[in-house]
Amino acid sequence: MNKSLALLTASLLLAGCQTLAPAPDGTPPVEDTAASKAPTPKQYASFSEDTLYALLAAELAGQRNRFDIALGNYVQQANATQDPAVAERAFRIAEYLGAEQAALDTALIWSNNAPDSLDAQRAAAVQLARAGRYDESMEYMERVLLGQGDTHFDFLALSAAETDPDTRDGLQQSFDRLLQKHPENGQLLFGKALLLHQDGRAEDALELLEAHDASQEEIPPLLLRARLLQSLGRGEEALPLLEKGIEKHPEDKRLRLAYARQLVELKRLDEAKSEFAGLVQRFPDDDDLRYSLALVCLEAEAWDEAIVYLEELVARDAHVDAAHFNLGRIYEQRGEPESALIEYALVGPGEDYLPAQVRQTEILFEQGRMAEAGARLARARDSQPDYAIQLYLIESEALANRQRHEEAWQVIVKALEQFPGDTNLLYTRAMLAEKRGDLAGLERDLRNIIEREPDNATALNALGYTLADRTTRYDEAKALIERAHQLNPEDPATLDSMGWVNYRLGNLEEAERYLRAALAKYPDHEVAAHLGEVLWARGKQGEAREVWSTALEAQPDSPILRATIQRLTGSEKL
């Protein structure tokens, strides 16, 4: 088609073109919203021949899935003509393609040339917020507010969540300025409260919302109030608040869902079941609700009901893997391991795949069917090679947990032949080497990891702890553990190692401080054994016995606790 022929049909074609044609492969078209109107022939009459040709070429390119050409032409002509309809079309295409800079540029052209269009002002505000230009974004959003359109102050607040404190402070000042003019605007209140919540000021956010009627009447502030109450440990107060909201907005799905979830949080499971069942009845095509109802039934141990809803999900081809996984859990709870194995085997790749493989392996191991478990895992590695390393680790861990350390070792050796140098496999082999008394092998694998990943806190801590516990290389051990602690100062395992190496070095006060911190974060039997030993060495035998006694209640068969108590007191009994 030459340029002159194209111009003969340009007006007719462009005037009727509301979307780019769908792609043959099913790619969704770039759809305009109700506000997006293609320029009319009259509007196009004022364009030059070059502009008309470029726009026609853009439309034809879109029909052929060349959205890059369509976008390029429209952006170029939006800049050249400053025409709001062309700019809007360019913006819609850019937004669909995720072309952020083009979406921002064309939204600004659109808004500046269509000052009375609330959609244009809103689009500019959102794009400016995405670009981190919050002050400008607020100016455009205020235009929407003054025009009594639907605002997105909540989006502005949420988009600022990952910004620096100075940026959030500036945005808060902008919210305060607008709140002085519009003190009962629910969206403004909601946005300001979100900013406060992001800064860890939940009580201030709640106080702001409670001081204004909008948080009683409008749904987003009301939902945020309920969430804030929950975060402050006042979940019981959220229920009547949500109930009042439902009375005023009986058809609002969000309020009813928040109410049902709040009942779950408060462990009022029978009431939660009833609420979720009502929601599913109201919205029968919402499979997310059906899945939530199934989980509530599962938590309430209403196995038969849960099975019904989970099987419905499978039949509806929704949440299929999660449904099979949870059916497996239910059959395990009901003492039907064969049914559980069938369900776990039906879980496909995804977030439930590895947990299903773990449960399948545990069931088979508990029944003494270890060879079958190994064969299933081998088939899984062949069929799902992306999960092969994790599947090797599952098999090795299952064997190691049953003190079959040599077999676990062989599994990892085989895995490393296939995946040499994998950090997880090397770490696991190091831990198994320690069980075999091969400290040289442990150190070799851990140093290999540290050489590859100098900031691997787990490997640093493991090597440091082993040197402190099994050798007299205390200074070297401490240096390694301190590096791990610098990298991960809140990790309970590293705190335990810091305590233990200080104990070995005779720094008993420091040892006690670290071990108390570790036990507070992670009440583990090994940490309790270490803390008790340090307390015993400090002459605090009564406290040591209390620590051990509490730990034994949680884990009465702990070998390290029993050995520590026997060694220090001369008896296994406290």
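Two residues count as being in contact when their heavy atoms lie within 4.5 Å. With that in hand, here is how the chain holds together in this predicted model. Residues 24 or more positions apart account for 49% of the contacts with a separation of 6 or more. As for secondary structure, the chain comes to 34 helices and 0 strands. It has 574 residues, and buried ones make up 48% of them. The surface that the chain exposes is about 28,000 Å², with carbon and sulfur atoms supplying 48% of that area.

Next comes the inside of the chain. The largest nonpolar core has 130 residues, and F276, L310 and L446 are the ones that touch the most other members. Helix 28 gives this core its largest share, 8 residues. Take L446 as a way in: leaving aside neighbours within four places in sequence, L446 is in contact with Y427, A430, M431, A459, A462 and L463. Apart from this core lies another one, made of 23 residues, among them F91, A103, W110 and A120.

L446 is also a good lead into helix 27, which runs over residues 439-452. The helix has 14 residues and reaches 20 Å from its first C-alpha to its last, close to the 20 Å expected at 1.5 Å a residue. Seven names turn up on its buried list: G441, L442, E443, D445, L446, I449 and I450. What do the buried residues of helix 27 pack against? They sit against helix 26 (423-435), helix 28 (457-470) and helix 29 (474-487).

That buried list holds charged residues too, including E443 and D445. Side chains of opposite charge can pair when their charged atoms come close. In the case of D445, the partner is R429, and the closest N and O atoms of this salt bridge are 2.8 Å apart. D445 lies in helix 27 and R429 in helix 26, so the pair ties together parts that are 16 residues apart in sequence. D445 counts as buried because its relative accessibility is 5%, under the 20% cut-off. R429, at a relative accessible area of 22%, is partly exposed.

E443 has a partner as well: R447 forms a salt bridge with it, the closest N and O atoms being 2.9 Å apart. Here both residues lie in helix 27, 4 residues apart, which is about one turn of the helix. R447 counts as partly exposed at 33% relative accessibility, whereas E443 is buried at 17%. Elsewhere, salt bridges that share partners join D285, D287, R290, E312 and R316 into one network. There is also a salt bridge between R234 and E237, with the closest N and O atoms 2.8 Å apart. Both ends of that bridge are partly exposed, R234 with a relative accessible area of 30% and E237 with 39%. How many salt bridges does the structure have by this rule? The count comes to 43.

Aromatic rings make pairs of their own. A pair of aromatic rings is described by the distance of the centres and the angle of the planes. The structure holds 6 aromatic pairs. One of them is formed by F91 and W110, and it is tilted, with 5.8 Å centre to centre and 40° between the planes. This pair links distant parts of the chain: F91 is in helix 5 (residues 84-97) and W110 in helix 6 (residues 100-113), 19 residues apart. Are these two rings buried or exposed? F91 is buried, with a relative accessible area of 2%, and W110 counts as buried at 3%. Y353 and Y387 form another tilted pair, at 4.7 Å centre to centre and 45° between the planes. Distant parts are linked here too, since Y353 is in helix 22 (residues 353-366) while Y387 is in the loop between helix 23 (370-383) and helix 24 (388-400), 34 residues away. Y353 and Y387 are both buried.

Finally, a couple of loops deserve a look at their backbone angles. N65 has a phi near 65°, a positive value in a residue other than glycine. N65 is found in the loop between helix 3 (49-63) and helix 4 (67-81), and is partly exposed, with a relative accessible area of 29%. Phi is positive at H319 too, near 50°. H319 belongs to the loop between helix 19 (303-315) and helix 20 (320-333), and is partly exposed, with a relative accessible area of 31%.

How values were computed. Residues are numbered from 1 along each chain as its sequence is written. This is a predicted model: local features need pLDDT of at least 70, side-chain atom pairs count only at pLDDT 80 or more; totals for chains, interfaces and linings use all residues. Side-chain values use heavy atoms; hydrogens and water are left out. Helices (H or I, at least four residues) and strands (E, at least two) are DSSP runs, numbered from the N terminus. The expected span of a helix is 1.5 Å times one less than its number of residues. Buried means under 20% relative accessible area, exposed over 50%, partly exposed in between (1.4 Å probe, protein chains only). A salt bridge is a side-chain nitrogen of Lys or Arg within 4 Å of a carboxyl oxygen of Asp or Glu. Accessible areas come from the Shrake-Rupley method with a 1.4 Å probe; for residues, only the protein chains shown count as cover. A nonpolar core is a set of buried Ala, Val, Leu, Ile, Met, Phe, Trp, Tyr and Cys residues joined through side-chain atoms within 4.5 Å. Rings of Phe, Tyr and Trp (its six-membered ring) pair if their centres lie within 6.5 Å; planes under 30 degrees apart count as stacked, over 60 as edge-to-face and the rest as tilted.
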